[in-house]
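Reader: I am in my first year and still learning how to read a model like this one. Could you pick one part and take me through it slowly, explaining each term as you reach it?

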Amino acid sequence: MILQEERHRADYDPLARYVRAEVLVLIDNCEQAIKDLASAPRSDRKAFAVWVLFQKKR
């Protein structure tokens, strides 16, 4: 599952349960994604922002 889906699962699924090791992996993945985005060239960050804005809502 992608990180956003896990976040929604944690927020809205009353039956969702996580073990500590699983949560630590998810946190590491989030931190790495943030670092990767921050280190990307400005033009790539802008292109990503535009892509996100124009995604269809599911």
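Author: What follows is a close look at the first helix, and then at the surroundings that go with it. This is a predicted model, in which local features need pLDDT of at least 70, side-chain atom pairs count only at pLDDT 80 or more, and totals for chains, interfaces and linings use all residues. Residues are numbered from 1 along each chain as its sequence is written, and side-chain values use heavy atoms, with hydrogens and water left out.

The part to look at is helix α1, which covers residues 3–12; helices here are DSSP runs of H or I with at least four residues, numbered from the N terminus. Begin with Glu6, which lies in this helix and counts as buried because its relative accessibility is 11%, where buried means under 20% relative accessible area, exposed means over 50%, and partly exposed is what falls in between, with a 1.4 Å probe and protein chains only.

The side chain of Glu6 joins that of Arg9 in a salt bridge, at 3.2 Å from N to O; the term stands for a side-chain nitrogen of Lys or Arg within 4 Å of a carboxyl oxygen of Asp or Glu. Arg9 and Glu6 are separated by about one helical turn, because they are three residues apart in helix α1. The two partners can be set side by side: Arg9 is partly exposed because its relative accessibility is 25%, whereas Glu6 is buried, with a relative accessible area of 11%.

By this rule the count comes to two salt bridges, and Arg7 and Asp11 supply another of them, their side chains meeting at 3.1 Å, N to O. Arg7 and Asp11 are four residues apart in helix α1, so about one helical turn separates them. Arg7 counts as partly exposed because its relative accessibility is 41%, and Asp11 is partly exposed as well, with a relative accessible area of 46%. Looking further along the chain from Arg7, the C-alpha atom of Leu53 is 46 residues away in sequence, and 19 Å separates it from the C-alpha atom of Arg7.

After the helix comes a loop, and Asp13 has its place there, between α1 and α2. Asp13 is partly exposed, with a relative accessible area of 32%. A polar atom of the Asp13 side chain lies 2.8 Å from the backbone nitrogen of Leu15.

The helix also takes part in an open space. The largest pocket has a volume of about 820 Å³, and, of the 22 residues that line it, those closest to its centre are Ile2, Leu3, Gln4, Glu5 and His8. Two or more residues of the lining are given by each of α1, α2 (20–39) and α3, and α1 gives the most, with seven residues. A pocket is found on a 1 Å grid over the protein atoms alone, as an open set of points where a 1.4 Å probe fits, with protein on both sides within 12 Å along at least five of seven lines; lining residues have an atom within 4 Å of a point. The volume is the space filled by probe spheres set on the points, which are joined across faces, edges and corners.

One more element, helix α3 (residues 42–53), deserves a glance beside α1. Phe48 lies in helix α3 and counts as partly exposed because its relative accessibility is 41%.

Notes: A polar contact is a pair of N or O atoms within 3.5 Å; within protein, one must be able to donate a hydrogen and the other to accept it, and residues adjacent in sequence count only if both atoms are side-chain atoms.
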